[in-house]
Structure formats: structure tokens, C-alpha cells
Amino acid sequence: MSTPPLAGAGMPPGAFSGTQAQGAREVNTASLCRIGQETVQDIVFRTMEIFQLLRNMQLPNGVTYHTATYQDRLAKLQEHLRQLSILFRKLRLVYDKCNENCAGLDPVPIEQLIPYVEEDGSKHDDRGAASQLRFASEERREIMEVNKKLKQKNQQLKQIMDQLRNLIWDINAMLAMRN
């Protein structure tokens, strides 16, 4: 926390307080957006609390309940609604201030925000794209070869398993004939 300079130190009296008040009034638009975001989060939190209070309240279905409890819950609900109203007013002020700060800005067309390559660079990109295409096709060819070899190995394993199954079947048949 800094202290203001003395009035006799080269500044007229009251000059610092004016600039300090002006600095306090000028708020960055980004910080206003952050304040607005926090306000929205507070609004959501308060709304959830209101719904929690309403869910916990009993309906007037003829059951007698304590008047003090009812009055306490009603007071809490009214306090939350009052705070919610204040938060909405604060959000409106932040929104208006942001619009005021952004009013003088020229809108930037979206096309200018998207980077693109100039004509000289497009030839280089074509070569890069061609090499990428070549690399992708080589990789695809290698994958196809591996798949072909894998299918062959699977076929061989299937033949071996069939031969083993037939051999075991024959052995079991001979053992059954022997008994």
C-alpha cells in the first residue's frame, strides 16, 4: 500500500487525489470481464441455494409445523432473493461498462483473424503436402503388407490347430477302440 506524496512536493494540492480517483474509475476491460464472470458464478451459486431452500421447505398440505422455522426459512429465502437482485444489478453495470469501453473499437472481420499463406509460400506448401502425401501412402502400403502377413500367419495357425484337433480326435478314437 503506497502513501500519496505530500502536497508541497511539486504537485498542487488535490492533484493526486484527482488522478487517484480517475485511476480507480478506469478499469481494464479484461478485469471487467473477470468480474462479470465471478458475478455470474455468484448468481448461479445463489440460485442453487434458493432451489435448495425451496426443496427443503414443506408444502402447506395441512400438516402443522413450527411458525418460527417457517419464518426463518422465509427470511433466508428473501435474503437470497435480495442478494440475487443486487448481483443482477452489478452484472448489468459490468455489462454496460464493457459495452461502453468496446464502443469505440472497430470490429475486426473474422477473415483477418485467420492466418493464411501468401502466394509465394503456397508452392512450398504444395511440396510439403506432396511429401506428406507420399509419406502417408508409404505408411499405408507398409500397413497393408503387415496386414497381409498377419492374415497368412493366422491362416497357418488355423491349419495347425485343425491338424492338432484331428490328431487328438484320432488318438481319442484309438483309445476308445482299445477299451
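**Exercises on a predicted helical model**

Over residues 133-170 the chain is 100% helix and 0% strand, with 55 Å between the end C-alpha atoms. The model is predicted, and the exercises below refer to it.

**Exercise 1.** State which UniProt annotation covers residues 133-170, and give the secondary structure of the model over that range.

*Solution.* The record comes first: an unreviewed UniProt entry annotates residues 133-170 as "coiled-coil region". Turning to the coordinates, the helix content of this range is 100% and the strand content 0%. The C-alpha atoms at its two ends lie 55 Å apart.

**Exercise 2.** Compare the span of helix H3 with its expected span, then identify the buried residues of H3 and a helix that helps to cover them.

*Solution.* Helix H3 runs over residues 67-102 and has 36 residues. At 1.5 Å a residue, a span of 52 Å is expected. From its first C-alpha to its last, H3 reaches 52 Å, close to that expectation. Next, burial requires a relative accessible area under 20%. The residues of H3 that are buried are Leu77, His80, Leu84, Leu87, Val94 and Cys98. Finally, helix H2 (29-56) is included in what covers these buried residues of H3.

**Exercise 3.** Locate the salt bridge between Glu38 and Arg34 and classify the exposure of Glu38 and of Arg34.

*Solution.* The structure holds seven salt bridges, and Glu38 forms one of them with Arg34. Their closest N and O atoms are 3.0 Å apart, which lies within the 4 Å cut-off for a salt bridge. Both residues belong to helix H2, where four residues, about one turn of the helix, separate them. Glu38 counts as partly exposed because its relative accessibility is 37%. Arg34, at 44%, is likewise assigned to the partly exposed class.

**Exercise 4.** For helix H3, analyse the salt bridge of Asp96 with Arg92 and that of Glu100 with Lys97.

*Solution.* Begin with Asp96 and Arg92, whose side chains meet at 3.4 Å, N to O. The two residues lie four apart in H3, about one turn of the helix. Asp96 has a relative accessible area of 36% and is therefore partly exposed; Arg92, at 48%, is partly exposed.

Continue with Glu100 and Lys97, whose side chains form a salt bridge at 3.5 Å, N to O. Because they are three residues apart in H3, about one helical turn separates them. The exposed class begins over 50%. Glu100, with a relative accessible area of 53%, is therefore exposed, whereas Lys97, at 28%, is partly exposed.

Definitions and conventions. Residues are numbered from 1 along each chain as its sequence is written. This is a predicted model: local features need pLDDT of at least 70, side-chain atom pairs count only at pLDDT 80 or more; totals for chains, interfaces and linings use all residues. Side-chain values use heavy atoms; hydrogens and water are left out. The expected span of a helix is 1.5 Å times one less than its number of residues. Buried means under 20% relative accessible area, exposed over 50%, partly exposed in between (1.4 Å probe, protein chains only). Contact means heavy atoms within 4.5 Å. UniProt positions are given in the numbering used here, feature names are shortened, and annotations may be inferred rather than shown by experiment.
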